[in-house]
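Please examine the structure shown below. The questions that follow treat a single residue, then the nonpolar cores, then the pockets.

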Amino acid sequence: MSATLIDGKAFAATVREKVAAHVARLKSDHGITPGLAVVLVGEDPASQVYVRSKGRQTVEAGMNSYEHKLDAGTSEADLLGLIDRLNNDPDVHGILVQLPLPKHLDEGLVTNAIDPAKDVDGFHISNVGLLGTGQKSMVPCTPLGCLMMLRAHHGDLSGMEAVVIGRSNIVGKPMAQLLLGDSCTVTIAHSRTRDLPGVVRRADIVVAAVGRPQMVQGDWIRPGATVIDVGINRIDAPEKGVNEDGSVRTRLVGDCDFESCAAVAGAITPVPGGVGPMTIACLLANTVTACCRAAGLPEPEGLTA
């Protein structure tokens, strides 16, 4: 491997340290403790693990953590009623409803019921519009984490050519907007893009967020380019043997073929240990930002877009 490894786990630890330091100052100087409310509907195992991790890291940063665990059969009216109460709770500065929701609940309706100022996921249509027009908004956590790592690695991104592979509302589109905001020349590519390898090969920065394991190959990458791999995919790993139930063991891979891309790229994020840890770190950062805005205080440096 010739590429520099961008260690997202270490970078996330630094972000959490900055968050904790700012939280301590908010407490000592202003008597304010940021609060994050997380709502989980149902018992999806992956969501349960994620919510526990969010709660633990929120407390470790010195913030208040409010967890609301609802039955899978919770009605839309009851969920919206809880969100309304959280919107009006002055101790809650950030609200996150864990997705996916059970099928009988309208994710768009629920997301847009959250007060945009407390929407620390950055999914509310008002925040989407503000980000798209270059105004102050709550920024989705994963793209924000990617931007932080790119700024730390390159410094000034102005004039760089960036290709974002994937057009989701959660990563691809907001990532493109953030890169535009830093004066990159941005292309959003996707499954229908003609000559996708040729398009990617032009880029100084490649952000892969397409959700297809090891799709991006080394010969797609311009020599020296920076590759941010957002994908988290689980594939069979027969070389690791079998589980007790006889099923083949698995391993995590990104949207990029790591070995071939790392041989060409100038810098690359690994999977796991790259973008993933930054998502929760940026959730904490967004909560502090929301708290400061609510109190009319200066936003924390280095924790916002």
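**Met215, cores and pockets**

Q: In which loop does Met215 lie?
A: This is a predicted model, in which local features need pLDDT of at least 70 and side-chain atom pairs count only at pLDDT 80 or more, while totals for chains, interfaces and linings use all residues. Residues are numbered from 1 along each chain as its sequence is written, and side-chain values use heavy atoms, without hydrogens and water. Helices (H or I, at least four residues) and strands (E, at least two) are DSSP runs numbered from the N terminus. Met215 is found in the loop between E7 and strand E8 (226-229).

Q: Why does Met215 count as buried or exposed?
A: Buried means under 20% relative accessible area, exposed over 50%, and partly exposed in between (1.4 Å probe, protein chains only). Because the relative accessibility of Met215 is 18%, the residue counts as buried.

Q: Which residues are in contact with Met215, leaving aside its neighbours within four places in sequence?
A: Contact means heavy atoms within 4.5 Å. The C-alpha atoms of Met215 and Asp255 are separated by 5.4 Å, although the two residues are 40 apart along the chain. With those neighbours left aside, the contacts of Met215 are Leu196, Val210, Trp220 and Asp255.

Q: Which residues touch the most other members of the largest nonpolar core?
A: A nonpolar core is a set of buried Ala, Val, Leu, Ile, Met, Phe, Trp, Tyr and Cys residues joined through side-chain atoms within 4.5 Å. The largest such core has 54 residues, and those touching the most other members are Val19 and Leu179.

Q: Which element gives the most to this core?
A: Elements that give two or more residues to the core include helix H1 (8-30), helix H7 (172-181) and helix H10 (276-295). With 10 residues, the element that gives the most to this core is H10.

Q: Which element supplies the largest share of the lining of the largest pocket?
A: On a 1 Å grid over the protein atoms alone, a pocket is an open set of points where a 1.4 Å probe fits, with protein on both sides within 12 Å along at least five of seven lines; lining residues have an atom within 4 Å of a point. Among the elements that each supply at least two residues of this lining are helix H2 (45-60) and strand E4 (94-97). The largest share, six residues, comes from H2.
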